[in-house]
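Thanks for sharing this one with me. Here are my notes, set out as numbered points so you can follow along in your viewer.

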Amino acid sequence: MRFSSAASLSFALALVSSAAAQKVWDVQVGDASGATVYNPEAISAQVGDKVVFHFHQKNHTVTQSSFAAPCSPLAGGFDSGFMPVAANVTDNFPTYSITVKDTKPIWVHCEQGANTAASHCGKGMVFAVNCGPDGSANSFSSFKSAALQIGAQLQAQAASASAAAAQSTGGYGYSGSGSGSGSGSGGVFTQLTTSVVIVDHTNTATAFFTPSVTYGGSYASATASSSTSSSSGSKEIKVVVGGPNGELTFSPNDIQANVGDKITFEFHQKNHTATQSSFANPCVKLKDASGNAIGLDSGFMPVAANATVFPTWSVTVNDTKPLWFYCKQHTPTGVSHCGSGMNIGINANNSGPNNFTAFQALAVAQNGSAATGAANTGSGSNGAMSRATGAGLSLGALVAAAALLL
């Protein structure tokens, strides 16, 4: 069947018009002053529009929530994970993007400081796509007001707990403080003084793991990996993540473990993650058949250069199938840690083609340059492509397709 030139041209122009109608919305996450804000806070988008979040200074997330629970991650919702940005960064900010699939409202919050008085969401750091107009039941004003109410409650609880602690000690003696947050994609641990905080990890375990998070240990006891056995016969296998000289390594990186063994990742200097992936996509968070991210993720674990106490994150092996992990961090120049060989395999079949060496080589082959975020989940990147160039390429491709039809 042949199309007439007029019909082909009409079809091509319709495609071009459709592509041109799709809009890119740029949303700034935080700013150089450390503000806890999305700018703009709400947009009205059309199906097919793309929302690009640009992460500025501090350490924020773009985490989907719901109108009813503005400061809680939505089950199965998207999550950028934590995006730490140094104070001296002035351009090439990391990005994370979503595409609008329908016109239903989308609710977003920042997970930093979750469930604490320092909650960014509790300070009003929320965002919405296609919310109702002011005065309606699902307006942005109502959504933000609910988030602020949660923040006020968290601050009141913290003040009450602080007062009770001071009263119980008579106002004297040692006092320490700390803060941390955990989320479906991990959390950030910040040691404020000499005290230690233990944060519950809220990742949903897959069939292979039972996750947990603690904070403790010292570098002197973790310069090399170690295994300790329990009375039940299972053992703990320690993996050092990074190191004092900026190493981009898991040590050891090729482990054989039995059912019941616990793998404990101890995070050292810099800011790394332990993120579950697959053999075929070493630097992408594990997804199910529908494309939903299901892999476990420690979240970013920033550790100061002079730290002597280190956060840990552990999983218990419930199955002996191969498990793959990587670090989803990038260097300031955009080089992927995963693409630099920062990978680890658990129970890899090293006598077959899907062995650890092949897994690591594939990670380097796919991501071993200053790519724009191949190691991030979703559509995150550490270097935003010019949208003018991208649009030009898209329209050019459509025009070329139209030429073939004529």
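1. Let me begin with a strand pairing: D26 stands opposite V52 in β4. Please keep in mind that the model is a predicted one. The two strands involved, β1 (residues 24-29) and β4, run parallel and are joined by six bridges.

2. On its other pairing, β4 meets strand β8 (residues 95-99) in the antiparallel sense, over five bridges. Here V51 stands opposite I98 in β8. As a reminder for reading such pairs, side chains in a regular strand alternate between the two faces of the sheet.

3. Is strand β4 enclosed or open to the outside? Five of the six residues in β4 (residues 50-55) are buried, so the strand is largely enclosed by the rest of the structure.

4. Next, the nonpolar cores. In soluble globular proteins, nonpolar side chains tend to be buried together. The largest nonpolar core here has 24 residues, and the members that touch the most others are F250, I263, F265, F267, W313 and F325. At least two residues of this core come from each of β15 (235-241), β18 (262-267), β21 (301-303), β22 (311-316), β23 (323-326) and β24 (343-346). Apart from it lies another core, of 23 residues, which includes F55, M83, Y96 and I98.

5. F250 is a good residue to select if you want to look around the largest core. Which residues does F250 contact, leaving aside neighbours within four places in sequence? They are V239, V240 and V241, then F265, T273 and A274, and finally Y326, C327, M342, N343 and I344.

6. Now to a histidine. H120 is placed in the loop between β9 (106-109) and β10 (126-129). With a relative accessible area of 11%, under the 20% cut-off, H120 counts as buried. Its side chain and that of H60 are joined by a polar contact of 3.1 Å. Beyond four places in sequence, H120 is in contact with T36, N59, H60, C110, Q112 and M125. If you assign protonation states, the H120 and H60 pair is the one I would ask you to view.

7. Last, a serine in a loop. S336 lies between β23 and β24, two strands that each supply at least two residues to the largest core. Why does S336 count as buried? Its relative accessibility is 1%, and buried means under 20%. A polar atom of the S336 side chain lies 2.8 Å from the backbone nitrogen of G339.

Technical notes. Residues are numbered from 1 along each chain as its sequence is written. This is a predicted model: local features need pLDDT of at least 70, side-chain atom pairs count only at pLDDT 80 or more; totals for chains, interfaces and linings use all residues. Side-chain values use heavy atoms; hydrogens and water are left out. A nonpolar core is a set of buried Ala, Val, Leu, Ile, Met, Phe, Trp, Tyr and Cys residues joined through side-chain atoms within 4.5 Å. Buried means under 20% relative accessible area, exposed over 50%, partly exposed in between (1.4 Å probe, protein chains only). Helices (H or I, at least four residues) and strands (E, at least two) are DSSP runs, numbered from the N terminus. Contact means heavy atoms within 4.5 Å. A polar contact is a pair of N or O atoms within 3.5 Å; within protein, one must be able to donate a hydrogen and the other to accept it, and residues adjacent in sequence count only if both atoms are side-chain atoms. Two strands pair if DSSP finds at least two bridges between them.
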